[in-house]
Amino acid sequence: MNPFASTFDYVVIGAGATGCVLANRLTARGDARVLLLEAGGPDGDPRIHSLTGFLQLWGSAVDYQFRTEPQVGLNGRTLTISQGKVIGGGSSIHAMMYVRGHRLNYDQWNAQGADGWNYAAVLPYFKKSEDFEGGESAYHGAGGLVSVRANPRLSAAAGAFMEAAVELGYNGPDWDINGAQQENGAGPLQVLVTKDGHRASAAVAYLTPIFSRPNLKVKTAAQVTRILFDGRRTVGLEYLQGGQREQVGAGREVIVSGGSILSPQLLMLSGIGPGDHLRSVGVPVLQDLPGVGQNLQDHVQVPAIYEAERETPAPTILAETVLFVRTRPGMDAAPTDLQLLFSSRVPALAPPGTPPNLVMFVAVLVQPQSRGSIRLRSANALEQPVIDPNYLHCPADVASLVEGFHLIRRLASAKALAGYTRAELLPGSQANLVEHIRGSAATLWHPAGTCRIGYDALAVVDSRLRVHGIERLRVADASVMPTVTSGNTYAPSAMIGEKAADLILEDN
Ligand SMILES: Cc1cc2nc3c(=O)[nH]c(=O)nc-3n(C[C@H](O)[C@H](O)[C@H](O)COP(=O)(O)OP(=O)(O)OC[C@H]3O[C@@H](n4cnc5c(N)ncnc54)[C@H](O)[C@@H]3O)c2cc1C
(Lines give C-alpha, C1' and ligand atoms only; values in the text may rest on other atoms or scores of the structure.)
Protein backbone atom coordinates (compact mmCIF):
# COMPACT_ATOMS: atom_id res chain seq x y z
CA MET A 1 0.00 0.00 0.00
CA ASN A 2 1.24 3.49 -0.85
CA PRO A 3 1.81 5.29 2.48
CA PHE A 4 1.84 8.78 0.85
CA ALA A 5 -1.18 11.02 0.45
CA SER A 6 0.32 12.25 -2.82
CA THR A 7 2.80 10.61 -5.20
CA PHE A 8 4.57 11.91 -8.29
CA ASP A 9 6.58 9.91 -10.82
CA TYR A 10 9.68 12.06 -10.35
CA VAL A 11 10.56 14.46 -7.58
CA VAL A 12 13.37 16.91 -8.36
CA ILE A 13 14.97 18.59 -5.34
CA GLY A 14 16.18 22.12 -6.12
CA ALA A 15 15.09 24.48 -8.93
CA GLY A 16 18.61 25.66 -9.75
CA ALA A 17 20.74 25.59 -12.88
CA THR A 18 20.30 21.83 -13.24
CA GLY A 19 16.91 21.28 -11.62
CA CYS A 20 15.09 23.69 -13.96
CA VAL A 21 16.44 21.77 -16.98
CA LEU A 22 15.24 18.48 -15.50
CA ALA A 23 11.77 19.84 -14.73
CA ASN A 24 11.44 20.94 -18.33
CA ARG A 25 12.78 17.86 -20.08
CA LEU A 26 11.07 15.31 -17.81
CA THR A 27 7.65 16.88 -18.41
CA ALA A 28 8.11 17.41 -22.14
CA ARG A 29 7.60 13.85 -23.31
CA GLY A 30 4.78 11.60 -22.16
CA ASP A 31 2.69 12.20 -19.12
CA ALA A 32 5.09 11.54 -16.25
CA ARG A 33 4.13 13.73 -13.28
CA VAL A 34 6.97 15.79 -11.87
CA LEU A 35 7.21 17.66 -8.58
CA LEU A 36 9.93 20.32 -8.32
CA LEU A 37 10.72 21.41 -4.76
CA GLU A 38 12.70 24.60 -4.12
CA ALA A 39 13.82 25.86 -0.71
CA GLY A 40 13.88 29.48 -1.89
CA GLY A 41 11.04 31.66 -3.16
CA PRO A 42 9.94 32.78 -6.63
CA ASP A 43 12.28 34.87 -8.81
CA GLY A 44 10.07 37.98 -8.89
CA ASP A 45 12.64 40.52 -7.65
CA PRO A 46 13.37 42.80 -10.64
CA ARG A 47 17.05 42.94 -9.62
CA ILE A 48 17.34 39.27 -10.57
CA HIS A 49 16.40 40.11 -14.14
CA SER A 50 18.35 43.32 -14.69
CA LEU A 51 21.93 43.17 -15.96
CA THR A 52 23.32 45.18 -13.05
CA GLY A 53 20.91 44.83 -10.09
CA PHE A 54 22.04 41.35 -9.12
CA LEU A 55 25.13 42.68 -7.33
CA GLN A 56 22.79 43.97 -4.62
CA LEU A 57 21.45 40.45 -4.14
CA TRP A 58 24.73 39.03 -2.93
CA GLY A 59 24.31 38.93 0.85
CA SER A 60 20.51 39.23 0.65
CA ALA A 61 17.73 36.76 1.51
CA VAL A 62 18.09 35.00 -1.88
CA ASP A 63 21.70 34.11 -1.02
CA TYR A 64 22.55 31.26 1.38
CA GLN A 65 25.73 33.17 2.39
CA PHE A 66 27.55 30.00 3.39
CA ARG A 67 30.53 30.54 5.71
CA THR A 68 33.65 28.44 5.34
CA GLU A 69 35.84 27.20 8.15
CA PRO A 70 38.95 29.37 8.68
CA GLN A 71 41.26 28.67 5.72
CA VAL A 72 44.92 28.03 6.50
CA GLY A 73 45.88 28.79 2.88
CA LEU A 74 44.18 32.19 3.14
CA ASN A 75 46.05 33.30 6.28
CA GLY A 76 43.27 31.94 8.48
CA ARG A 77 40.49 33.94 6.82
CA THR A 78 36.89 32.71 6.60
CA LEU A 79 35.08 33.32 3.32
CA THR A 80 31.42 33.75 2.48
CA ILE A 81 30.30 31.58 -0.43
CA SER A 82 27.21 33.06 -2.04
CA GLN A 83 24.78 30.51 -3.51
CA GLY A 84 21.30 31.18 -4.84
CA LYS A 85 18.29 30.34 -2.64
CA VAL A 86 15.53 31.16 -5.10
CA ILE A 87 13.89 29.74 -8.22
CA GLY A 88 16.77 29.52 -10.71
CA GLY A 89 19.30 28.86 -7.91
CA GLY A 90 22.72 30.22 -8.79
CA SER A 91 21.55 31.17 -12.26
CA SER A 92 19.27 33.84 -10.76
CA ILE A 93 22.09 35.69 -9.01
CA HIS A 94 25.17 34.80 -11.01
CA ALA A 95 27.26 37.06 -13.23
CA MET A 96 25.83 35.65 -16.49
CA MET A 97 29.11 34.48 -18.03
CA TYR A 98 28.60 31.56 -20.40
CA VAL A 99 31.71 29.38 -20.39
CA ARG A 100 31.61 25.68 -21.21
CA GLY A 101 35.11 24.83 -20.01
CA HIS A 102 38.00 23.16 -21.79
CA ARG A 103 37.38 20.10 -23.95
CA LEU A 104 40.01 18.19 -21.97
CA ASN A 105 37.95 18.68 -18.77
CA TYR A 106 35.40 16.26 -20.17
CA ASP A 107 37.92 13.85 -21.66
CA GLN A 108 39.48 13.69 -18.18
CA TRP A 109 36.09 12.99 -16.60
CA ASN A 110 35.65 10.10 -18.99
CA ALA A 111 39.14 8.80 -18.23
CA GLN A 112 38.38 9.00 -14.50
CA GLY A 113 35.38 6.68 -14.85
CA ALA A 114 32.60 8.96 -16.07
CA ASP A 115 31.87 6.86 -19.17
CA GLY A 116 29.99 8.77 -21.80
CA TRP A 117 30.96 12.23 -20.50
CA ASN A 118 33.87 12.92 -22.88
CA TYR A 119 33.83 16.15 -24.89
CA ALA A 120 32.40 14.59 -28.05
CA ALA A 121 29.55 13.16 -25.98
CA VAL A 122 28.65 16.35 -24.10
CA LEU A 123 29.02 18.86 -26.96
CA PRO A 124 25.59 17.97 -28.44
CA TYR A 125 23.97 18.80 -25.08
CA PHE A 126 25.63 22.22 -24.96
CA LYS A 127 24.41 22.86 -28.49
CA LYS A 128 20.92 21.53 -27.81
CA SER A 129 20.31 24.03 -25.01
CA GLU A 130 21.74 27.03 -26.82
CA ASP A 131 20.22 29.82 -28.87
CA PHE A 132 23.45 31.48 -29.94
CA GLU A 133 23.21 34.97 -31.34
CA GLY A 134 25.95 34.14 -33.86
CA GLY A 135 23.92 31.25 -35.28
CA GLU A 136 24.52 27.53 -35.62
CA SER A 137 27.98 26.08 -36.26
CA ALA A 138 30.04 23.02 -35.37
CA TYR A 139 30.32 24.38 -31.81
CA HIS A 140 27.18 26.44 -31.28
CA GLY A 141 23.49 25.73 -31.30
CA ALA A 142 20.64 27.91 -32.51
CA GLY A 143 16.98 27.71 -31.57
CA GLY A 144 17.59 26.19 -28.12
CA LEU A 145 16.02 27.51 -24.93
CA VAL A 146 19.00 29.47 -23.57
CA SER A 147 19.87 32.80 -25.11
CA VAL A 148 23.67 33.23 -25.42
CA ARG A 149 25.35 36.24 -26.97
CA ALA A 150 28.67 38.04 -26.99
CA ASN A 151 28.84 40.76 -24.34
CA PRO A 152 26.65 43.38 -26.01
CA ARG A 153 28.47 46.59 -25.09
CA LEU A 154 32.21 46.34 -24.60
CA SER A 155 34.11 49.31 -23.23
CA ALA A 156 37.05 50.79 -25.11
CA ALA A 157 39.32 49.41 -22.37
CA ALA A 158 38.05 45.89 -23.05
CA GLY A 159 38.93 46.33 -26.72
CA ALA A 160 42.40 47.45 -25.66
CA PHE A 161 42.77 44.33 -23.49
CA MET A 162 42.08 42.05 -26.46
CA GLU A 163 44.54 44.02 -28.60
CA ALA A 164 47.14 43.76 -25.83
CA ALA A 165 46.76 39.97 -25.81
CA VAL A 166 47.27 39.88 -29.58
CA GLU A 167 50.35 42.06 -29.16
CA LEU A 168 51.73 39.41 -26.79
CA GLY A 169 51.15 36.68 -29.40
CA TYR A 170 47.77 35.31 -28.30
CA ASN A 171 44.88 34.75 -30.69
CA GLY A 172 42.16 37.33 -30.94
CA PRO A 173 40.55 39.76 -30.70
CA ASP A 174 37.04 38.28 -30.61
CA TRP A 175 38.28 34.76 -29.84
CA ASP A 176 35.43 32.30 -29.26
CA ILE A 177 36.35 30.60 -25.98
CA ASN A 178 33.40 28.21 -26.46
CA GLY A 179 34.56 27.21 -29.93
CA ALA A 180 37.15 24.80 -31.30
CA GLN A 181 39.91 25.93 -28.93
CA GLN A 182 39.43 27.60 -25.56
CA GLU A 183 43.02 28.51 -24.76
CA ASN A 184 45.40 31.25 -25.82
CA GLY A 185 42.82 33.58 -27.34
CA ALA A 186 41.30 36.80 -26.00
CA GLY A 187 37.66 37.52 -26.68
CA PRO A 188 34.51 39.05 -25.30
CA LEU A 189 32.73 36.96 -22.71
CA GLN A 190 29.64 35.24 -23.99
CA VAL A 191 26.76 36.01 -21.69
CA LEU A 192 23.36 34.61 -20.71
CA VAL A 193 21.23 37.54 -21.79
CA THR A 194 17.83 37.42 -23.48
CA LYS A 195 17.13 39.18 -26.78
CA ASP A 196 15.34 41.95 -24.89
CA GLY A 197 18.31 42.53 -22.60
CA HIS A 198 17.49 40.62 -19.42
CA ARG A 199 19.09 37.74 -17.50
CA ALA A 200 18.57 34.40 -19.22
CA SER A 201 18.53 32.33 -16.01
CA ALA A 202 17.76 28.61 -16.03
CA ALA A 203 14.33 29.53 -14.68
CA VAL A 204 13.67 32.08 -17.42
CA ALA A 205 14.85 29.66 -20.11
CA TYR A 206 13.49 26.35 -18.89
CA LEU A 207 10.88 26.81 -16.16
CA THR A 208 8.79 29.97 -16.59
CA PRO A 209 7.62 28.97 -20.10
CA ILE A 210 6.31 25.60 -18.85
CA PHE A 211 4.63 26.51 -15.55
CA SER A 212 1.26 25.64 -17.04
CA ARG A 213 2.16 22.08 -18.07
CA PRO A 214 -0.45 19.92 -16.33
CA ASN A 215 2.13 17.27 -15.38
CA LEU A 216 4.41 19.73 -13.53
CA LYS A 217 3.95 20.97 -9.97
CA VAL A 218 6.41 23.49 -8.51
CA LYS A 219 6.53 24.23 -4.79
CA THR A 220 8.64 27.09 -3.44
CA ALA A 221 9.76 27.68 0.15
CA ALA A 222 9.80 23.88 0.39
CA GLN A 223 12.98 22.60 1.96
CA VAL A 224 13.62 18.89 1.68
CA THR A 225 14.97 17.55 4.97
CA ARG A 226 15.21 13.82 4.33
CA ILE A 227 14.86 11.25 1.57
CA LEU A 228 12.71 8.25 2.50
CA PHE A 229 13.50 4.62 1.68
CA ASP A 230 11.97 1.17 1.81
CA GLY A 231 15.13 -0.82 2.45
CA ARG A 232 17.47 0.51 -0.23
CA ARG A 233 14.69 1.63 -2.53
CA THR A 234 13.89 5.36 -2.64
CA VAL A 235 10.17 5.88 -2.11
CA GLY A 236 9.70 9.56 -1.31
CA LEU A 237 10.88 12.43 0.81
CA GLU A 238 10.06 14.76 3.64
CA TYR A 239 10.07 18.54 3.38
CA LEU A 240 9.25 21.60 5.42
CA GLN A 241 6.89 24.20 4.05
CA GLY A 242 5.35 27.03 6.05
CA GLY A 243 6.50 25.40 9.28
CA GLN A 244 4.69 22.15 8.40
CA ARG A 245 6.42 18.82 7.88
CA GLU A 246 5.09 17.19 4.69
CA GLN A 247 5.80 13.92 2.93
CA VAL A 248 5.43 13.04 -0.73
CA GLY A 249 5.95 9.80 -2.66
CA ALA A 250 8.12 9.26 -5.74
CA GLY A 251 6.86 6.42 -7.92
CA ARG A 252 9.87 6.29 -10.21
CA GLU A 253 12.81 8.37 -8.97
CA VAL A 254 14.07 11.16 -6.75
CA ILE A 255 16.68 13.43 -8.32
CA VAL A 256 18.82 15.54 -5.98
CA SER A 257 19.82 18.85 -7.63
CA GLY A 258 20.58 20.95 -4.57
CA GLY A 259 24.05 22.12 -5.65
CA SER A 260 27.50 21.11 -4.43
CA ILE A 261 27.03 22.20 -0.83
CA LEU A 262 23.46 21.10 -0.12
CA SER A 263 23.24 17.91 -2.20
CA PRO A 264 25.87 16.09 -0.13
CA GLN A 265 24.30 17.53 3.03
CA LEU A 266 20.91 16.07 2.09
CA LEU A 267 22.39 12.67 1.21
CA MET A 268 24.16 12.57 4.57
CA LEU A 269 21.02 13.66 6.46
CA SER A 270 19.30 10.74 4.72
CA GLY A 271 21.89 8.21 5.88
CA ILE A 272 24.08 8.10 2.76
CA GLY A 273 27.68 9.13 3.39
CA PRO A 274 30.79 8.35 5.43
CA GLY A 275 29.51 5.88 8.05
CA ASP A 276 31.67 6.98 10.98
CA HIS A 277 30.90 10.64 10.38
CA LEU A 278 27.15 10.03 10.16
CA ARG A 279 27.19 8.03 13.39
CA SER A 280 29.18 10.80 15.10
CA VAL A 281 26.28 13.24 14.53
CA GLY A 282 23.56 10.71 15.27
CA VAL A 283 22.35 9.92 11.75
CA PRO A 284 21.55 6.20 11.21
CA VAL A 285 23.64 4.82 8.31
CA LEU A 286 21.78 3.43 5.31
CA GLN A 287 24.69 3.31 2.86
CA ASP A 288 28.31 3.86 3.86
CA LEU A 289 29.61 5.99 0.98
CA PRO A 290 32.81 7.67 2.17
CA GLY A 291 33.04 10.00 -0.84
CA VAL A 292 29.85 11.97 -0.10
CA GLY A 293 30.95 15.55 0.65
CA GLN A 294 34.60 14.87 -0.26
CA ASN A 295 36.46 16.14 -3.34
CA LEU A 296 35.18 19.72 -2.90
CA GLN A 297 36.79 21.99 -5.48
CA ASP A 298 36.18 25.67 -6.00
CA HIS A 299 37.64 28.44 -8.15
CA VAL A 300 39.40 31.29 -6.39
CA GLN A 301 39.78 34.79 -7.80
CA VAL A 302 42.45 37.37 -7.05
CA PRO A 303 42.16 40.95 -8.34
CA ALA A 304 44.66 43.39 -9.83
CA ILE A 305 43.66 47.04 -10.23
CA TYR A 306 45.32 49.70 -12.39
CA GLU A 307 44.72 53.42 -12.43
CA ALA A 308 43.79 54.65 -15.91
CA GLU A 309 44.48 58.00 -17.52
CA ARG A 310 41.54 57.60 -19.86
CA GLU A 311 37.94 57.52 -18.82
CA THR A 312 36.69 54.07 -17.84
CA PRO A 313 32.89 53.98 -17.80
CA ALA A 314 31.20 51.18 -15.86
CA PRO A 315 30.56 48.18 -18.10
CA THR A 316 27.04 46.92 -18.82
CA ILE A 317 27.93 43.44 -17.61
CA LEU A 318 30.35 42.73 -14.80
CA ALA A 319 33.16 40.96 -16.67
CA GLU A 320 33.83 42.01 -20.23
CA THR A 321 36.66 40.01 -21.75
CA VAL A 322 38.58 36.84 -21.05
CA LEU A 323 41.74 34.88 -21.84
CA PHE A 324 42.39 31.25 -20.80
CA VAL A 325 45.95 29.92 -20.55
CA ARG A 326 48.02 27.08 -19.17
CA THR A 327 50.50 28.56 -16.73
CA ARG A 328 53.27 25.97 -17.00
CA PRO A 329 55.17 24.50 -19.91
CA GLY A 330 54.56 20.79 -20.46
CA MET A 331 50.85 21.04 -19.59
CA ASP A 332 49.70 20.40 -23.17
CA ALA A 333 47.69 17.33 -22.26
CA ALA A 334 45.93 19.16 -19.41
CA PRO A 335 43.07 21.66 -19.45
CA THR A 336 43.79 25.36 -18.94
CA ASP A 337 44.43 26.28 -15.30
CA LEU A 338 44.09 30.06 -15.42
CA GLN A 339 41.19 32.28 -16.49
CA LEU A 340 42.01 35.94 -16.81
CA LEU A 341 39.03 38.28 -16.67
CA PHE A 342 39.23 41.96 -17.55
CA SER A 343 36.79 44.83 -17.09
CA SER A 344 36.62 48.54 -17.18
CA ARG A 345 35.92 50.00 -13.73
CA VAL A 346 33.21 48.11 -11.80
CA PRO A 347 31.98 50.69 -9.27
CA ALA A 348 30.48 48.09 -6.92
CA LEU A 349 33.78 46.20 -6.71
CA ALA A 350 36.26 49.09 -6.66
CA PRO A 351 37.78 49.48 -3.20
CA PRO A 352 36.85 52.71 -1.39
CA GLY A 353 39.29 55.57 -1.96
CA THR A 354 40.45 54.38 -5.38
CA PRO A 355 40.59 56.96 -8.19
CA PRO A 356 37.60 57.26 -10.55
CA ASN A 357 39.24 55.74 -13.62
CA LEU A 358 40.38 52.15 -13.22
CA VAL A 359 40.62 48.84 -14.98
CA MET A 360 40.40 45.49 -13.24
CA PHE A 361 42.06 42.20 -14.06
CA VAL A 362 41.02 39.10 -12.17
CA ALA A 363 43.21 35.99 -12.08
CA VAL A 364 41.03 32.91 -11.55
CA LEU A 365 42.51 29.54 -10.60
CA VAL A 366 40.37 27.15 -12.63
CA GLN A 367 42.10 23.79 -12.08
CA PRO A 368 42.75 23.81 -8.33
CA GLN A 369 44.75 20.88 -7.00
CA SER A 370 43.50 21.46 -3.44
CA ARG A 371 40.52 19.42 -2.30
CA GLY A 372 38.13 20.22 0.53
CA SER A 373 35.01 18.76 2.10
CA ILE A 374 31.43 19.24 3.25
CA ARG A 375 30.46 17.57 6.54
CA LEU A 376 27.36 17.71 8.70
CA ARG A 377 27.50 20.09 11.62
CA SER A 378 24.58 18.24 13.16
CA ALA A 379 21.60 16.10 12.18
CA ASN A 380 19.52 19.30 11.89
CA ALA A 381 18.68 19.97 8.22
CA LEU A 382 18.27 23.68 8.92
CA GLU A 383 21.85 24.11 10.07
CA GLN A 384 24.53 24.97 7.52
CA PRO A 385 27.02 22.16 7.01
CA VAL A 386 30.73 22.44 7.86
CA ILE A 387 32.34 23.80 4.69
CA ASP A 388 36.10 23.44 4.35
CA PRO A 389 37.25 24.13 0.77
CA ASN A 390 40.89 23.94 1.83
CA TYR A 391 41.66 26.84 -0.52
CA LEU A 392 45.27 27.17 -1.74
CA HIS A 393 46.44 24.24 0.34
CA CYS A 394 48.58 22.94 -2.57
CA PRO A 395 51.63 25.06 -3.51
CA ALA A 396 50.86 24.41 -7.21
CA ASP A 397 47.67 26.45 -6.83
CA VAL A 398 49.56 29.46 -5.54
CA ALA A 399 52.17 28.99 -8.29
CA SER A 400 49.46 29.13 -11.00
CA LEU A 401 48.12 32.39 -9.58
CA VAL A 402 51.62 33.90 -9.34
CA GLU A 403 52.05 33.10 -13.04
CA GLY A 404 48.69 34.77 -13.59
CA PHE A 405 50.04 37.97 -12.08
CA HIS A 406 53.14 37.83 -14.26
CA LEU A 407 50.85 37.58 -17.27
CA ILE A 408 48.70 40.48 -16.02
CA ARG A 409 51.81 42.64 -15.74
CA ARG A 410 52.94 41.74 -19.26
CA LEU A 411 49.51 42.63 -20.61
CA ALA A 412 49.42 45.86 -18.61
CA SER A 413 52.75 46.85 -20.18
CA ALA A 414 51.56 46.22 -23.75
CA LYS A 415 51.23 49.27 -26.00
CA ALA A 416 47.54 48.63 -26.60
CA LEU A 417 46.74 49.17 -22.91
CA ALA A 418 48.77 52.37 -22.57
CA GLY A 419 46.47 54.96 -21.09
CA TYR A 420 44.64 52.34 -19.03
CA THR A 421 47.43 51.02 -16.86
CA ARG A 422 49.29 54.09 -15.62
CA ALA A 423 49.87 52.74 -12.12
CA GLU A 424 49.41 49.32 -10.53
CA LEU A 425 47.28 50.11 -7.47
CA LEU A 426 46.68 46.50 -6.44
CA PRO A 427 48.76 44.55 -5.52
CA GLY A 428 51.31 47.31 -6.28
CA SER A 429 54.62 46.76 -8.05
CA GLN A 430 56.54 46.22 -4.77
CA ALA A 431 54.02 43.84 -3.24
CA ASN A 432 54.82 40.25 -2.34
CA LEU A 433 52.63 38.33 -4.79
CA VAL A 434 52.19 35.26 -2.61
CA GLU A 435 51.08 37.45 0.29
CA HIS A 436 48.66 39.32 -1.98
CA ILE A 437 47.22 36.03 -3.22
CA ARG A 438 46.80 34.47 0.21
CA GLY A 439 45.56 37.75 1.68
CA SER A 440 42.96 38.66 -0.93
CA ALA A 441 41.86 35.47 -2.72
CA ALA A 442 38.09 35.06 -2.68
CA THR A 443 35.74 32.44 -4.06
CA LEU A 444 34.30 32.73 -7.57
CA TRP A 445 31.29 30.77 -6.18
CA HIS A 446 31.86 27.60 -8.23
CA PRO A 447 31.84 24.72 -5.72
CA ALA A 448 31.84 21.33 -7.47
CA GLY A 449 32.68 17.67 -7.12
CA THR A 450 31.16 16.63 -3.77
CA CYS A 451 29.06 13.73 -5.16
CA ARG A 452 31.34 12.79 -7.98
CA ILE A 453 30.79 10.30 -10.78
CA GLY A 454 32.99 7.20 -10.77
CA TYR A 455 33.44 3.62 -9.68
CA ASP A 456 36.24 3.81 -7.10
CA ALA A 457 35.79 3.76 -3.33
CA LEU A 458 35.18 7.53 -3.13
CA ALA A 459 32.74 7.79 -6.03
CA VAL A 460 29.15 8.66 -5.15
CA VAL A 461 27.19 8.15 -8.38
CA ASP A 462 27.75 5.95 -11.41
CA SER A 463 28.04 7.38 -14.88
CA ARG A 464 24.24 7.33 -15.19
CA LEU A 465 24.18 9.50 -12.05
CA ARG A 466 22.60 6.75 -9.88
CA VAL A 467 23.72 6.79 -6.25
CA HIS A 468 25.83 3.69 -5.61
CA GLY A 469 24.00 1.06 -3.61
CA ILE A 470 20.61 2.81 -3.62
CA GLU A 471 17.74 2.27 -6.04
CA ARG A 472 15.79 5.07 -7.76
CA LEU A 473 17.98 7.89 -6.49
CA ARG A 474 20.16 10.12 -8.66
CA VAL A 475 22.19 13.26 -8.16
CA ALA A 476 22.35 15.75 -11.02
CA ASP A 477 24.08 19.11 -10.49
CA ALA A 478 27.58 20.58 -10.20
CA SER A 479 28.38 18.13 -7.40
CA VAL A 480 28.74 15.18 -9.80
CA MET A 481 31.69 16.72 -11.66
CA PRO A 482 34.77 14.55 -11.06
CA THR A 483 36.90 17.67 -11.48
CA VAL A 484 35.67 21.24 -11.74
CA THR A 485 35.70 22.61 -15.28
CA SER A 486 38.11 25.30 -16.50
CA GLY A 487 35.68 28.20 -16.43
CA ASN A 488 32.45 29.33 -14.86
CA THR A 489 30.22 26.43 -13.94
CA TYR A 490 26.68 27.36 -15.03
CA ALA A 491 26.93 25.99 -18.58
CA PRO A 492 28.37 22.63 -17.44
CA SER A 493 25.69 22.36 -14.71
CA ALA A 494 22.90 22.96 -17.23
CA MET A 495 24.56 20.47 -19.60
CA ILE A 496 24.51 17.91 -16.76
CA GLY A 497 20.75 18.56 -16.48
CA GLU A 498 20.26 17.98 -20.21
CA LYS A 499 22.19 14.72 -20.19
CA ALA A 500 20.64 13.56 -16.90
CA ALA A 501 17.15 14.00 -18.36
CA ASP A 502 18.05 11.75 -21.28
CA LEU A 503 19.55 9.12 -18.96
CA ILE A 504 16.45 9.14 -16.72
CA LEU A 505 14.01 8.90 -19.62
CA GLU A 506 16.05 6.09 -21.21
CA ASP A 507 16.09 4.11 -17.96
CA ASN A 508 12.37 4.49 -17.36
C1 LIG B 1 27.40 34.94 -7.01
C2 LIG B 1 27.57 33.90 -8.08
C3 LIG B 1 28.11 34.26 -9.32
C4 LIG B 1 28.29 33.28 -10.29
N5 LIG B 1 28.67 33.67 -11.55
C6 LIG B 1 28.63 32.77 -12.55
C7 LIG B 1 28.80 33.15 -13.91
O8 LIG B 1 28.93 34.34 -14.23
N9 LIG B 1 28.80 32.18 -14.87
C10 LIG B 1 28.64 30.85 -14.54
O11 LIG B 1 28.73 30.01 -15.45
N12 LIG B 1 28.46 30.47 -13.28
C13 LIG B 1 28.40 31.38 -12.28
N14 LIG B 1 28.12 30.98 -11.01
C15 LIG B 1 28.00 29.52 -10.73
C16 LIG B 1 26.65 28.90 -11.16
O17 LIG B 1 25.58 29.70 -10.77
C18 LIG B 1 26.56 27.51 -10.54
O19 LIG B 1 27.64 26.72 -10.99
C20 LIG B 1 25.27 26.77 -10.87
O21 LIG B 1 24.16 27.53 -10.49
C22 LIG B 1 25.27 25.42 -10.18
O23 LIG B 1 24.09 24.76 -10.49
P24 LIG B 1 23.48 23.66 -9.54
O25 LIG B 1 22.26 23.15 -10.22
O26 LIG B 1 24.54 22.70 -9.16
O27 LIG B 1 23.08 24.40 -8.18
P28 LIG B 1 22.25 25.73 -7.92
O29 LIG B 1 22.06 26.52 -9.15
O30 LIG B 1 22.88 26.38 -6.76
O31 LIG B 1 20.81 25.18 -7.51
C32 LIG B 1 20.54 24.46 -6.34
C33 LIG B 1 19.10 24.79 -5.92
O34 LIG B 1 18.64 23.79 -5.02
C35 LIG B 1 17.95 24.39 -3.96
N36 LIG B 1 18.05 23.47 -2.82
C37 LIG B 1 19.18 23.04 -2.23
N38 LIG B 1 18.90 22.17 -1.25
C39 LIG B 1 17.56 22.05 -1.22
C40 LIG B 1 16.66 21.30 -0.39
N41 LIG B 1 17.11 20.50 0.57
N42 LIG B 1 15.34 21.42 -0.63
C43 LIG B 1 14.87 22.23 -1.62
N44 LIG B 1 15.68 22.97 -2.42
C45 LIG B 1 17.01 22.87 -2.22
C46 LIG B 1 18.67 25.70 -3.74
O47 LIG B 1 17.89 26.63 -3.04
C48 LIG B 1 18.98 26.11 -5.18
O49 LIG B 1 17.94 26.87 -5.75
C50 LIG B 1 27.95 31.92 -10.01
C51 LIG B 1 27.40 31.58 -8.78
C52 LIG B 1 27.19 32.55 -7.82
C53 LIG B 1 26.56 32.15 -6.53
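Student: Is Gln 71 buried or exposed?
Tutor: Gln 71 is buried, with a relative accessible area of 1%. Buried means under 20% relative accessible area, exposed over 50%, and partly exposed in between, using a 1.4 Å probe and protein chains only.

Student: Where is Gln 71, and what does it touch?
Tutor: Gln 71 sits in the loop between S3 and S4. Leaving out residues up to four places away in sequence, Gln 71 touches Gly 76, Arg 77, Asp 388, Pro 389, Asn 390 and Tyr 391. Contact here means heavy atoms within 4.5 Å.

Student: Anything I should know about the model itself?
Tutor: The model is predicted, so local features need pLDDT of at least 70 and side-chain atom pairs count only at pLDDT 80 or more, while totals for chains, interfaces and linings use all residues. Residues are numbered from 1 along each chain as its sequence is written, and side-chain values use heavy atoms, with hydrogens and water left out.

Student: Back to that loop. What's up with the phi of Asn 75?
Tutor: Asn 75 has a positive phi of about 60°, although it is not a glycine. Most residues other than glycine have a negative phi. Asn 75 is in the loop between strand S3 (66-67) and strand S4 (80-81), and it counts as partly exposed at 43% relative accessibility.

Student: And what about the phi of Met 96?
Tutor: Met 96 also isn't a glycine, and its phi is positive, about 70°. You'll find Met 96 in the loop between S4 and helix H3 (103-111). At 0% relative accessibility, Met 96 counts as buried.

Student: How many helices and strands does the protein have?
Tutor: Eleven helices and 23 strands. Helices (H or I, at least four residues) and strands (E, at least two) are DSSP runs, numbered from the N terminus.

Student: Which peptide bond at Pro 173 is cis?
Tutor: The one from Gly 172 to Pro 173, with omega near -10°. Pro 173 lies in the loop between helix H5 (156-167) and strand S7 (186-188). Another cis bond joins Leu 426 and Pro 427, with omega about 0°. Pro 427 is in the loop between strand S21 (423-426) and helix H10 (433-440). Most peptide bonds are trans.

Student: New topic: how many residues are in the largest nonpolar core?
Tutor: It has 161 residues, and those with the most contacts inside it are Trp 117, Leu 267, Phe 361 and Leu 465. Helix H11 (residues 490-507) gives the largest share of this core, nine residues. A nonpolar core is a set of buried Ala, Val, Leu, Ile, Met, Phe, Trp, Tyr and Cys residues joined through side-chain atoms within 4.5 Å.

Student: What is Leu 267 in contact with?
Tutor: Skipping neighbours within four places in sequence, Leu 267 is in contact with Ile 227, Val 256, Ile 272, Val 292, Cys 451, Val 460, Leu 473 and Val 475.

Student: Where is Thr 225?
Tutor: Thr 225 is in strand S10 (residues 222-230), and at 9% relative accessibility it counts as buried. Not counting residues up to four places away in sequence, Thr 225 touches several residues, including Glu 238, Tyr 239, Arg 245 and Ala 381.

Student: Give me one from outside. Is Ser 212 buried or exposed?
Tutor: Ser 212 counts as exposed, at 66% relative accessibility. Its place is the loop between helix H6 (202-207) and strand S9 (216-219). Ser 212 and Leu 228 are 16 residues apart along the chain, and their C-alpha atoms are separated by 29 Å.

Student: And where is Pro 124?
Tutor: Pro 124 is in helix H4 (residues 119-129). Pro 124 is partly exposed, with a relative accessible area of 45%.

Student: Zooming out, what share of the residues is buried?
Tutor: Buried residues make up 60% of the 508 residues in the protein. Among contacts with a separation of 6 or more, 71% are between residues 24 or more positions apart.

Student: What does the C-alpha trace span?
Tutor: About 75 × 45 × 40 Å along its principal axes. The radius of gyration is 22 Å, which agrees with the value near 23 Å for a compact globule of 508 residues. That radius is taken over C-alpha atoms, and the globule rule is 2.2 Å times the number of residues to the power 0.38.
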